[in-house]
Amino acid sequence: MLTNEIERRIQQAARQLLDDSRFYGEILLRLTRVYDDQAENAVDVRYATHQWQLVINPALFIATYPTAENILGILTHQVLHLVWQHPIRYGHIPTDNLRRVVNLATDLAVNQYVKADFAGKVLPAKFAQRFHIQLPAFADSQQYYELLLPFLDDLQTSGGTTNDQAMHAGWATSQQSATEAGAALENLINQAQTDAHIAGRGRLPGSGTQAIEAHGTQTLNWRRILTQQRIHQAAEYNATRARFNRRQPYRIDLPGQVLNQQVQVVVFVDQSASINATLAVRFVNEVRALKRQIQGQVLLYAFDSAVYPLADPTKRHQGGGTTYQALFDELKTAHFQWQHTQVVILTDGAGEELVDTHHFKNVTWVLPAQQVLSVSQPIGRVLYMEVEKLRLLHRKFCKRLLIEGLIIGAQLP
């Protein structure tokens, strides 16, 4: 029962990693999990039986990492050791004293990239304050190793980490067949990288497309939002013979004027690797509702670190990072007029902090609920997609399927 509970928690952490850092999640899924009551550490990695394994001591694991955050942190920690090939680079270190330095140096290198907290997490700032050693931030493990080596005696007497059991004992197994272990690790990383890249491409899954067709109408009131912003835009008049001249109405040879309120709407849809299938479906719903509610031309673009024309919103283009600057650069390059352009950006908010909008002021950032926009001082307004309406529609959709007998044994959320 204990291993079943640990397995459930690890699978939960793996799903979280796949959403937050797809590459790390793919590596974790490729590690064979082995439960060993005699293992020295709560969790470790080793090379055995021609494969890389995640070795877990069930009793130590539950006692050391009781929360979901702790488990997510230590699993990310172990994955990063593999990404930087620490077992291959340092598995040959012979003595326990030097292993303590290696353990500390490699942990200092990877822990700075782990957001979640866990037992035994040591960082350069806290360690430097404790031992009065100047350590650079985000340095390579080799640099930390060279800086810590002169303090070997102090580390041995004082204890270098808050968890002296974490000696990465499993790394030594890679030296029994170093060439094979190195090739296996390189192959594992390459496969994870390929699958993480592919995961951001292609069409939406069938279930997602069905959900779009079923309840893709109720979203934000874009007509009201865009109408309000249109009021503040510069007015422009066109000459017309259908109206009298207001200043000299008796002169039929002078044309009248009509207010031109046509504003071009440009929608950018985030399709970076951080957008999961559920959020991609929601973005498609927003786009379709927007096109129905807006009278006039709506131009669609997809973006990650670059911008692409989007003819079909259900197709995904790339799985790269998120760069908001590329959107405004595209608007400037395509010669859009900022006075008559309404920009709508559907995103999860994870991008850069500073953006030059090139004078485009009519910008609407649309984010999922409880997300935070990374731009420090965004131009325009930031809106959040409604949650309760979508949940209610999902319940109605499931209820209709139950009535029609399309699904059996389902429960309403």
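**A six-strand sheet and a buried glutamine**

Modeller: This predicted model holds an open sheet of six strands with mixed pairing. The strand order is S9-S8-S7-S11-S12-S13.

Biologist: Which strands stand at the edges of the sheet, and why is one side of each left without a neighbour?

Modeller: An edge strand has a single partner strand, so one side is left without a neighbour in the sheet. Two strands fit: S9 (307-309) and S13 (381-384).

Biologist: By how many degrees are neighbouring strands turned against each other on average?

Modeller: Direction is ignored here. The average for neighbouring strands of this sheet is 25°.

Biologist: In what sense do S7 and S8 pair, and which residue of S8 stands opposite valine 265?

Modeller: S7 covers residues 264-270 and S8 covers residues 298-303. They pair over six bridges, in the parallel sense. Opposite valine 265 stands valine 298.

Biologist: Which strands does helix H13 touch, and what angle does its direction make with that of S7?

Modeller: Helix H13 (residues 277-293) packs on the sheet. It touches S7, S8 and strand S11 (341-346). Its direction makes an angle with that of S7 of about 170°.

Biologist: Now glutamine 112: buried or exposed?

Modeller: Glutamine 112 is in the loop between helix H6 (96-111) and helix H7 (124-131). Buried means under 20% relative accessible area. Glutamine 112 has 16% relative accessibility, so it counts as buried.

Biologist: Which backbone atom lies 2.7 Å from a polar atom of the glutamine 112 side chain?

Modeller: Glutamine 112 touches several residues beyond four places away in sequence, including Leu123, Pro124, Phe138 and Tyr144. One of these, phenylalanine 138, supplies the atom at 2.7 Å: its backbone nitrogen.

Definitions and conventions. Residues numbered from 1 in each chain as written. Predicted model: local features only at pLDDT ≥ 70, side-chain atom pairs only at ≥ 80, totals over all residues. Heavy atoms only, no water. Pairing = 2+ DSSP bridges. Helix = DSSP H or I, 4+ residues; strand = E, 2+ residues; numbered from the N terminus. Axes fitted to C-alpha atoms, helices over the stretch in contact; angles between N-to-C directions. Contact = heavy atoms within 4.5 Å. Buried < 20%, exposed > 50% of the residue type's maximum accessible area, 1.4 Å probe, protein only. Polar contact = N/O pair within 3.5 Å; in protein donor to acceptor, adjacent residues only side chain to side chain.
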